[in-house]
Amino acid sequence: MTRWNEFLLGVRRELPMQLGVVPFGMIYGVLAVQSGMSPLAAQLSSSIVFAGSAQLVIAQMLAAGGSPFVILLTAIILNVRHVLYSASLGPHVGRLPRRWRLALAYLLTDEAYAVAIGRYVETAEKPPQPDERHWHFLGAGLTLWSFWNASTLLGVTMGAQLSPAWGLDFAIPLTFVALLVPSLGDGPSRVAALFGAVASVVLVAVPLKLGLFCAMLVGIAAGAMWEVFMGGPKPSANPEGTRA
């Protein structure tokens, strides 16, 4: 396939996922403004951070008065899964020039990874020559970036017109519940979620808003211990997963 064909195929495969991305981006835009972020800061967050769940946590912690260090550390931990994505794609993109690797690393998200790795897997036995599959990755990544930023802009515009009295901050925990529940497909995940939830309540009074960070560590440790002692996770009933 030509570069253009690979690019368009990546775009087409990414488009259906935007049905979930657009409402998520709008919710973030509205809540970011309602949490005290300026419209410009909220929009730049989508352009620079480009990580939905981390952006929602940043907005929520800013509204709660969290310290910059804790907010930064929490965002890093939430996005540490991208290290695994990079390791998975590394053998496929490692040959590319630095400018390509940097661009694709910036565009690497859950949805872009799913589309990109799918293309590499389906052509693993007979890679196309010349190999232009990185254009497929680029098409998927740019599609998601465009829709995410456009939906954020729409949400920011709406949020600037809405009164804080509407209490839209309740949508943050509801959004995370919607993201969490479909991912609880095995024992370690459920244990991690349970212990993390309990710890977040118990540690809510910890200074500097460190309770959330500590609860995350408790959940991770509990899930890891469960996996070790129970002999590994059981197959998930929902292997497709969801955006996080």
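**Exercise 1. A pair within one helix**

Find which side chains meet in a salt bridge inside helix α8, and describe how each partner is placed.

*Solution.* Start with the pair itself: in this predicted model, the side chains of Arg119 and Glu122 form a salt bridge with an N to O distance of 2.8 Å. Next, place the partners. Arg119 and Glu122 both sit in helix α8, three residues apart, which is about one turn of the helix. Then check the accessibility of each. Arg119 has 8% relative accessibility, and because buried means under 20%, Arg119 counts as buried. Glu122, at 43%, is partly exposed. Finally, look for further partners: Glu6, Arg13, Arg119 and Glu122 are linked in a network of salt bridges.

**Exercise 2. Bridges across the sequence**

Work out which parts of the chain are tied together by the salt bridge of Arg3 and Glu132, and then treat the pair of Asp131 and Arg95 in the same way.

*Solution.* It helps to recall the general idea first: side chains of opposite charge can pair when their charged atoms come close.

- Step 1: A search of the whole structure finds six salt bridges. One of them joins the side chains of Arg3 and Glu132, at 3.4 Å from N to O.
- Step 2: Arg3 belongs to helix α1 and Glu132 to the loop between α8 and α9, so this pair ties together parts that are 129 residues apart in sequence.
- Step 3: Arg3 is partly exposed, with a relative accessible area of 48%, whereas Glu132 is buried at 11%.
- Step 4: Now take Asp131, which forms a salt bridge with Arg95; their closest N and O atoms are 3.3 Å apart. This pair also links distant parts of the chain, with Asp131 in the loop between α8 and α9, Arg95 in the loop between α6 and α7, and the two positions 36 residues apart.
- Step 5: Asp131 is buried, with a relative accessible area of 17%, while Arg95 is partly exposed at 47%.

**Exercise 3. Two acidic residues under cover**

Decide whether Asp110 is buried or exposed, do likewise for Glu14, and list what surrounds them.

*Solution.* Begin with Asp110, a residue of helix α8. Its relative accessibility is 12%, so Asp110 counts as buried. Its side chain has a polar contact of 2.8 Å with the side chain of Tyr85.

Move on to Glu14, which is found in helix α1. With a relative accessible area of 0%, Glu14 is buried. Leaving aside neighbours within four places in sequence, Glu14 is in contact with Glu111, Ala112, Val115, Ala140, Thr143 and Leu144. Take Ala140 from that list and compare the two kinds of separation: Glu14 and Ala140 are 126 residues apart in sequence, yet their C-alpha atoms are 5.3 Å apart in space.

**Exercise 4. The nonpolar core**

Identify which residues touch the most other members of the largest nonpolar core, and which helices supply it.

*Solution.* As background, nonpolar side chains tend to be buried together in soluble globular proteins. Here the largest core has 31 residues, and Tyr28, Leu89, Leu104 and Phe137 touch the most other members. The helices that each supply at least two residues of this core are α1, α2, α4, α6, α7, α8 and α9. Of these, α2 gives the most, with six residues.

Zoom in on Leu89: beyond its neighbours within four places in sequence, Leu89 is in contact with Leu108, Tyr113, Ala116, Ile117, Tyr120 and Phe137. There is also a second, separate core of eight residues, with Val57, Met61, Val70 and Ala75 among them.

**Exercise 5. The surface and the whole**

Locate the nonpolar patch on the surface, then step back to describe the overall fold content.

*Solution.* The patch is formed by Leu194, Phe195, Val198, Val202 and Val218, which together have about 460 Å² of accessible area. Helix α11, spanning residues 187-202, provides the largest share, four residues. Val202, in helix α11, is exposed, with a relative accessible area of 61%.

Stepping back, the protein has 12 helices and zero strands. Buried residues make up 41% of its 244 residues. Among contacts between residues at least 6 apart in sequence, 81% join residues at least 24 apart. The accessible surface comes to about 13,100 Å², and 73% of this belongs to carbon and sulfur atoms.

Technical notes. Residues are numbered from 1 along each chain as its sequence is written. This is a predicted model: local features need pLDDT of at least 70, side-chain atom pairs count only at pLDDT 80 or more; totals for chains, interfaces and linings use all residues. Side-chain values use heavy atoms; hydrogens and water are left out. Patches are made of residues with over 30% relative accessible area and no salt bridge: like charges are joined within 9 Å, nonpolar side chains (Val, Leu, Ile, Met, Phe, Trp, Tyr) within 5 Å. Accessible areas come from the Shrake-Rupley method with a 1.4 Å probe; for residues, only the protein chains shown count as cover. A salt bridge is a side-chain nitrogen of Lys or Arg within 4 Å of a carboxyl oxygen of Asp or Glu. Buried means under 20% relative accessible area, exposed over 50%, partly exposed in between (1.4 Å probe, protein chains only). A nonpolar core is a set of buried Ala, Val, Leu, Ile, Met, Phe, Trp, Tyr and Cys residues joined through side-chain atoms within 4.5 Å. Contact means heavy atoms within 4.5 Å. A polar contact is a pair of N or O atoms within 3.5 Å; within protein, one must be able to donate a hydrogen and the other to accept it, and residues adjacent in sequence count only if both atoms are side-chain atoms.
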